[in-house]
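Subject: Structure handover

Hello,

Below is the structure I said I would pass on. My notes on it follow.

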Amino acid sequence: MAQNTYPCPCFSGKLYPDCCELMHKGKVDTPTAEQTMRARYTAFCYGNIAYLVDTLHPRMRRLSDSFSLSRLVKKTRWIGLKIIEHTQGDKADTAYVDFVAFRLEHGEIKQQHERSRFVNVKDKWFYVDGEDLPDIKLERNEPCFCGSGKKFKKCHDTLAGKIATD
Ligand SMILES: [Zn+2]
Ligand SMILES: [Zn+2]
């Protein structure tokens, strides 16, 4: 995949070099927790293990991270991201990003709906942990999460084994 001309996988509407690549290369001075979240998603799509480990809170890191992350990256095909909410925690150094990441598994769309906790250390946000939330309901007339520009019912909804009726 030509990463330079392809829209960023995080669906910001920008090209990768103008979006998450800046994060991956450390060119954004004080990124927000949401930018960090998006860049982590894109790192999952592109197999950028170094960035995933780098943005994991030092307290949460394990020796086996690189190995388990690369296994996860290889076996998962991510197809979309929807950021629902980005909120500040009670303390200024804590933020939460509520998001749904979509993946394809045996021809079925699966959701990972999570409220991730980020902690800021010296102007840098780190992923700490996440709370699993129930799947969201996808509105058939909304733009599809995959960024195709089509309505959900005309796009990935058909892939989920349903037939678009109009
Ligand atoms: Zn991006
Ligand atoms: Zn779609």
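The first point is the second zinc site, where C144 is buried, with a relative accessible area of 5%. C146 is also in the buried class, at 16% relative accessibility, the cut-off for buried being under 20%. Please keep in mind throughout that this is a predicted model.

Both cysteines are donors to the zinc ion (ligand 2), together with C155 and H156. The cysteines bind through SG and H156 through ND1, at 2.0 to 2.3 Å from the ion. The four donor atoms make angles of 101 to 115° at this zinc ion (ligand 2), and the site is tetrahedral. For reference, the ideal angle for four tetrahedral donors is 109.5 degrees. Along the sequence the donor residues of ligand 2 follow the spacing C-x1-C-x8-C-H.

The other zinc ion (ligand 1) is held by the SG atoms of C8, C10, C19 and C20, lying 2.3 Å from it. Its site is tetrahedral as well, with angles of 104 to 115° among the four donor atoms. The donor spacing for ligand 1 reads C-x1-C-x8-C-C. Within this set, C10 sits in the segment before α1 (20–24) and C20 in helix α1, so the pair, ten residues apart, links distant parts of the chain. C10 and C20 are both buried.

Domains

The domain assignment splits the chain into domain 1 (16–135) and domain 2 (136–166). Their centres, taken over C-alpha atoms, are separated by 25 Å. To the contact between them, domain 1 contributes 14 residues and domain 2 contributes nine residues.

The sheet

Four strands form an open sheet in the order β1-β2-β3-β4, and the pairing is antiparallel. β1 (77–88) and β4 (124–133) are the edge strands; each has a single partner strand, so one side of each has no neighbour in the sheet. On average, neighbouring strands are turned by 30° against each other, direction ignored. As a general reminder, strands of a sheet pair through backbone hydrogen bonds.

Going through the pairs in order:

- β1 and β2 are antiparallel and share ten bridges. A hairpin of five residues connects β1 to β2, and T87 has Y96 in β2 as its bridge partner.
- β2 and β3 are antiparallel over twelve bridges. They form a hairpin with two residues between them, and H106 in the turn has a positive phi of about 50°. V97 is bridged to S116 in β3.
- β3 (residues 108–121) and β4 are antiparallel over nine bridges. Here V121 stands opposite K124 in β4.

How much of β2 is buried? Nine of its twelve residues are, so β2 is largely enclosed by the rest of the structure.

Helix α2 (residues 33–46) lies across β1, β2 (94–105), β3 and β4, and runs at about 170° to β1.

Two residues to look at

T36 is in helix α2 and is buried, at 2% relative accessibility. Leaving out residues up to four places away in sequence, T36 touches M23, P31, Y51, T55, F118 and W125.

R117 is in strand β3. Is R117 buried or partly exposed? At 27% relative accessibility, R117 counts as partly exposed, because that value lies between the 20% limit for buried and the 50% limit for exposed. Its C-alpha atom is separated by 4.8 Å from that of Y96, although R117 and Y96 are 21 residues apart along the chain. Y96 is also among the residues that R117 touches; the others are T94, A95, F126, Y127, V128 and D129, again not counting residues up to four places away in sequence.

If you open the model, the two zinc sites can be compared through their donor sets: C144, C146, C155 and H156 for ligand 2, and C8, C10, C19 and C20 for ligand 1. For the sheet, the strand order β1-β2-β3-β4 is a convenient guide, with helix α2 lying across these strands.

Regards

Definitions and conventions: Residues are numbered from 1 along each chain as its sequence is written. Chains are lettered from A and ligands numbered from 1 in the order in which they are written. This is a predicted model: local features need pLDDT of at least 70, side-chain atom pairs count only at pLDDT 80 or more; totals for chains, interfaces and linings use all residues. Side-chain values use heavy atoms; hydrogens and water are left out. Donors are N, O and S atoms within 2.8 Å of the metal (3.2 Å for Na, K and Ca); water is not among the atoms, so sites may look incomplete. Four donors count as tetrahedral if all angles lie between 85 and 135 degrees; four count as square planar and six as octahedral if opposite donors are over 155 degrees apart and all others between 65 and 115; anything else is irregular. Buried means under 20% relative accessible area, exposed over 50%, partly exposed in between (1.4 Å probe, protein chains only). Two strands pair if DSSP finds at least two bridges between them. Axes are lines fitted to C-alpha atoms, for helices over the stretch in contact, and angles run from 0 to 180 degrees between N-to-C directions. Contact means heavy atoms within 4.5 Å. Domain bounds come from an automatic or database domain assignment.
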